[in-house]
Amino acid sequence: MAANMYRVGDYVYFENSSSNPYLIRRIEELNKTANGNVEAKVVCLFRRRDISTNLNTLADSNARDFEEESKQPSMSEQQKHQLKHRELFLSRQFESLPATHIRGKCNVTLLNETDVLTGYLEREDCFFYSLVFDPVQKTLLADQGEIRVGSKYQAEIPDKLAEVDLDNRVQEKLETKVWDPNNQLKDPQIDQFLVVARAVGTFARALDCSSSIRQPSLHMSAAAASRDITLFHAMDTLQKNGYDLAKAMSTLVPQGGPVLCRDEMEEWSASEAMLFEEALEKYGKDFNDIRQDFLPWKSLASVVQFYYMWKTTDRYIQQKRLKAAEADSKLKQVYIPTYTKPNPNQINAPGSKPGMNGATGYQKGLSCESCHTAQSQQWYAWGPPNMQCRLCSSCWIYWKKYGGLKTPTQLEGATRTGSDAAPRGHMTRQEVQGMSPFTSSAGRAKLLAKNRQTFILQTTKLTRIARRVCQDILQSRRAARRPYASINANAVKAECMIRLPKAAKSAVKNRLIPRPSLISIVKELAVQAPLKLKAPRGAPTPINRNQVNQPRSASALLGKRPFDNAGGNSLSTNGRPFALGIRAATQSVIKRQKVSQGDAPNPVVFVATKDTRALRKHLTQAEMRRVARKPHLPVRIKLPVPPRPLPIPIIPSSTSEPIVLED
């Protein structure tokens, strides 16, 4: 019962995605909505995986400095890896989340240099923070509210002097004397001098124009003159004048007029006081942020002094009563039952109901990605769907709570981005093509409306080497057949760097194939097969002209004459002939396929010539597939030897001269 009871100030887990780790938040308020649900106003805490790489580098530097200063015991690489999962970053960001998304409690503490870091690994659901993350400015700053505990914050107490030893230290350099209790004045005389100082202060406020506007009545001026600033000034005057009342009186009222002493309550205007109350409501007692964001023209000492003087006013008492009344009307605690619904990422056993995230198509014999075990009561899909990674039940709980894996792995950064990212391995080719925006004419027209520019993707030498060294991970043929599936290139390159030292000593041969430039290829193909678009002339010509008047029906295939063609003309259902220009529903005219300029993916369209189509007939099916997969390689075709032409008899050409016959 107590474990499921959540109160204001608790650090809890929130689940916003079935596949992502829990969110860690601190409950600030529990509010009941109009429809009866409970919402929690929470403070956001961020993990290392939620911040950028540059900020992670800054956090690593801060962690190294902390280990050196606090003299932490040595840790293994796995402990250092797991310790990063326990580090959080506090923020000033608030958000409202449904209370039904709470999945448990955790403990978050401010890191102190007296703490042992390995102690956080020994305790479950235990986190620490030392830096504050600003999601807007993208910065990491040290928390100003750290507790100063440690050897460097302790006072150095000197040894006690013996009774015969003398203290040779110069007291004036160590401290400043502001009051001597062993003076020649009596207490009634001191009280009388303080009354005179208050009266001088009241008279000075009456002479000052700004003070008379702020305190128009005599009672307000007298109350302002009775503050501590006036008493401190009077006692300092007695100390400086050697407790001589006559000299002190003349100091209070010099020749220019009475001395006016003001504190922060009088120096601040009403608008500045309102800004301070607004900042105090937002930041609390974080005076650095209050001064930086709301009162930059005030000093930090002035802000602190005003705060403690403001706490003595009626305004503070009124706000305290209002907050107490609001706190009484709000919820103090809420009971959330244990969440028992199955996770959609579960890999179900054969014969059971399939999961939501396509977790049933996993191969047998795969081990846990974190602990590499092959036996578990329940498996969970983890990472990109095409990688088919999975976690055991214990590692899955660790992933949800701490946002990482127990052991370092190259695929840890390649987690799935959403809970609805289902794999497409179970779809047919027609279904996958139907999801493409290029299949519809509207999608093609929308794509062609953009002004595209030709570009070339050129691989680096490391990428080409990684394709050969990590063929078992990359699976290039599988990736080529599924271009929509993402490939974790960073993981492949990282694995390649691990395998390269273990590979053969002989260097990997990277054969460079000389290839012409893309511009020369386009120009050559455009010259060989120019685009000739002709305007359509009338109706499209069918392949078989007899099909215009011969409907393709079952009776026509059997050789029988249909009833509709009894008179030689097509008749409608009411016996009348069809109007001119209207074809019957059973007529099927096969149109010649023409290349449309709008359907072309590029501005250049290549049309096959008669010679090209004749050359295709000499290629086998295997050669056609090889050419389609590697279009950059030249094609070698063995043409048959043409037959030798027959000798043509030479016939003499006729002339215009007459033919002479001799006898």
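In the predicted model, the buried residues of helix α2 are covered by elements that include β5 (87-98), α3, β7 and α15. The helix itself spans residues 77-86, and H81, Q82, L83, H85 and R86 are its buried positions. Two of the covering elements, α3 and β7, are linked by a loop that holds D125, a residue other than glycine whose phi is nevertheless positive, near 55 degrees. D125 has a relative accessible area of 18% and is therefore classed as buried, the limit being under 20%.

Strand β7 comprises residues 126-134, with S130 among them. The relative accessibility of S130 is 16%, so this serine also counts as buried. When residues up to four places away in sequence are set aside, S130 is in contact with N62, E87, L88, L110, L111, A142 and D143.

Helix α15, a further element of the cover over α2, is also associated with a sheet. This helix, residues 393-402, packs on an open sheet in which it touches β11 and β12, and its direction makes about 100 degrees with that of β12. The sheet consists of 3 strands in the order β10-β11-β12, and the pairing is antiparallel. Strands β10 (346-347) and β12 (389-392) form the edges, each of them pairing on one side only. Between β11, which covers residues 379-382, and β12 there are 4 bridges, and the two strands run antiparallel. Within this arrangement, Y380 stands opposite L391 of β12. The loop between β10 and β11 contains H372, for which phi is again positive in a residue other than glycine, in this case near 60 degrees. In contrast to the buried D125, H372 is exposed, because its relative accessible area of 57% lies over the 50% limit.

A second region of strand pairing is centred on β2. Strands of a sheet pair through backbone hydrogen bonds, in either a parallel or an antiparallel sense. For β2, the partners include β3 (residues 23-32), to which it is joined in the antiparallel sense by 4 bridges, and β6 (residues 102-110), with which it also pairs in the antiparallel sense over 4 bridges. Y11 takes part in both pairings, since its bridge partner in β3 is R26 and its bridge partner in β6 is C106. In a regular strand, side chains alternate between the two faces of the sheet. Both faces of β2, which runs over residues 11-14, are covered: Y11 and Y13 are buried on one side, and V12 and F14 are buried on the other.

Helix packing is illustrated by α18 (residues 461-469) and α21 (residues 489-499), whose axes come within 9 Å and cross at roughly 75 degrees. This angle falls in the range of 65 to 115 degrees, so that α18 is roughly perpendicular to α21. On the α18 side the contact is made by L462, T463, I465, A466 and V469, and on the α21 side by V492, K493, C496, M497 and R499. In terms of residue class, this contact between α18 and α21 has 7 nonpolar, 1 polar and 2 charged residues.

Another helical position considered here is R315, which lies in α14 (residues 314-329). With a relative accessible area of 38%, R315 is partly exposed, since this value lies between the limits of 20% and 50%. Apart from residues up to four places away in sequence, R315 touches M274, E277 and W310. The separation between R315 and E277 is 38 residues in sequence and 9.8 Å in space, taken from C-alpha to C-alpha.

At the level of the whole protein chain, the model has 25 helices and 12 strands. Of the 663 residues in the chain, 28% are buried. Among contacts with a separation of 6 or more, 64% are accounted for by residues 24 or more positions apart. The chain exposes about 48000 Å², of which carbon and sulfur atoms supply 54%.

Key: Residues are numbered from 1 along each chain as its sequence is written. This is a predicted model: local features need pLDDT of at least 70, side-chain atom pairs count only at pLDDT 80 or more; totals for chains, interfaces and linings use all residues. Side-chain values use heavy atoms; hydrogens and water are left out. Axes are lines fitted to C-alpha atoms, for helices over the stretch in contact, and angles run from 0 to 180 degrees between N-to-C directions. Angles under 35 degrees count as roughly parallel, over 145 as roughly antiparallel, 65 to 115 as roughly perpendicular and the rest as oblique. Contact means heavy atoms within 4.5 Å. Ala, Val, Leu, Ile, Met, Phe, Trp, Tyr, Cys and Pro count as nonpolar, Asp, Glu, Lys and Arg as charged, and the others, Gly among them, as polar. Buried means under 20% relative accessible area, exposed over 50%, partly exposed in between (1.4 Å probe, protein chains only). Accessible areas come from the Shrake-Rupley method with a 1.4 Å probe; for residues, only the protein chains shown count as cover. Two strands pair if DSSP finds at least two bridges between them.
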